[in-house]
Amino acid sequence: QGPTGQCQVRMPFYEALLMLRASLPKTEMQKLVQKVGTTVINNGGAVGDLTSYGVRPLAYTVRKSGDRHSQADMASMTLLTGPHVIEELSKQLKDDKRLVRWQFLKQKFSSTHMRKMARAEARKATKQLASAQENNAMNKVRTLLDRYDRGDWGI
């Protein structure tokens with residue numbers, strides 16, 4: 001129990017490594033990633049980084065559903081979720097024809113790593129906010145220039 005008397009549940013980090021069919025359209029890849037993310041979020045977890053490595057040659061030919069695959073579209077996702085969700089995802093992905101292979105790896109992150117991730121997310125949010133504020137300021141300048149061009153100063 002935590003300092004407030006509430007039970008604290010610690011969810012481990014997992015890295016989801018996905019090898020999708022190379023011929024799969026990007027929309028299907030997005031649907032699969034969305035399916036994994038939605039399952040995690042609906043079970044109280046969180047999705048972190050999502051990285052696509054593109055189509056890569058495989059070290060050996062992999063057979064799946066009667067097809068042979070010598071290359072795959074690689075992607076990875078960082079997940080914060082419980083082991084029961086990983087089991088559920090494994091069951092869902094087992095018969096998915098879009099996947100060649102997948103693997104969930106449990107990660108051990110230090111508190112230093114967690115702080116670095118939090119700082120990176122804060123920097124990203126700050127840049128997005130600054131960009132939005134800059135766009136707002138530019139819109140105001142454009143409005144003033146338009147009013148100047150029309151000779152309308154609202155006096």
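Me: Helices (H or I, at least four residues) and strands (E, at least two) are DSSP runs, numbered from the N terminus. Where is serine 65 found?

Reply: This is a predicted model, in which local features need pLDDT of at least 70 and side-chain atom pairs count only at pLDDT 80 or more, while totals for chains, interfaces and linings use all residues. Residues are numbered from 1 along each chain as its sequence is written, and side-chain values use heavy atoms, with hydrogens and water left out. With β2 covering 46-64, serine 65 is found in the loop between β2 and β3.

Me: What phi does serine 65 have?

Reply: Most residues other than glycine have a negative phi. Serine 65 is not a glycine, yet its phi is positive, at about 55°.

Me: Is serine 65 buried, partly exposed or exposed?

Reply: Buried means under 20% relative accessible area, exposed over 50%, and partly exposed in between (1.4 Å probe, protein chains only). The relative accessible area of serine 65 is 42%, so this residue is partly exposed.

Me: How many salt bridges does a search of the whole structure find?

Reply: Side chains of opposite charge can pair when their charged atoms come close. A salt bridge here is a side-chain nitrogen of Lys or Arg within 4 Å of a carboxyl oxygen of Asp or Glu. By that rule, the number found in the whole structure is six.

Me: Which residue forms a salt bridge with arginine 21?

Reply: The closest N and O atoms of this pair are 3.0 Å apart, and the partner of arginine 21 is aspartate 67. Arginine 21 lies in strand β1 (residues 13-21) and aspartate 67 in strand β3 (residues 67-80), so the salt bridge ties together parts 46 residues apart in sequence. Arginine 21 is buried at 14% relative accessibility. The partner is partly exposed, with a relative accessible area of 35%, and it is aspartate 67.

Me: How many residues apart in sequence are the parts tied together by aspartate 73 and lysine 26?

Reply: The side chains of aspartate 73 and lysine 26 meet in a salt bridge of 3.1 Å, N to O. Aspartate 73 is in strand β3 and lysine 26 in helix α1 (residues 26-42), so the parts tied together are separated in sequence by 47 residues.

Me: What is the relative accessibility of aspartate 73?

Reply: Its salt-bridge partner, lysine 26, counts as partly exposed at 48%. Aspartate 73 counts as buried, at a relative accessibility of 3%.

Me: Which residues are joined into one network by salt bridges that share partners?

Reply: Glutamate 28 forms a salt bridge with lysine 31, their closest N and O atoms being 3.4 Å apart. Both lie in helix α1, three residues apart, about one turn of the helix. Salt bridges that share partners make one network of Glu28, Lys31, Lys35, Asp96 and Arg98.

Me: Which element gives the most residues to the largest nonpolar core?

Reply: A nonpolar core is a set of buried Ala, Val, Leu, Ile, Met, Phe, Trp, Tyr and Cys residues joined through side-chain atoms within 4.5 Å. The largest one has 19 residues, and Leu18, Leu20 and Phe104 are among those with the most contacts inside it. The elements giving two or more residues to this core are β1, α1, β3, α2 (83-94) and β4 (99-107). With five residues, the one that gives the most is α1.

Me: How many residues has the other core that lies apart from it?

Reply: Met19, Val62, Ala72 and Met74 are among the members of the other core. Its number of residues is six.

Me: Which residues does threonine 78 touch, not counting residues up to four places away in sequence?

Reply: Threonine 78 sits in strand β3 and counts as buried, at 8% relative accessibility. Contact means heavy atoms within 4.5 Å. Not counting residues up to four places away in sequence, threonine 78 touches Phe13, Tyr14, Glu15, Ala46, Val47, Gly48 and Asp49.

Me: What separates the C-alpha atoms of alanine 22 and serine 70?

Reply: Alanine 22 is in the loop between β1 and α1 and is partly exposed at 26% relative accessibility. Leaving aside neighbours within four places in sequence, alanine 22 is in contact with Val55, Gln71, Ala72 and Asp73. Alanine 22 and serine 70 are 48 residues apart along the chain, and their C-alpha atoms are separated by 9.0 Å.
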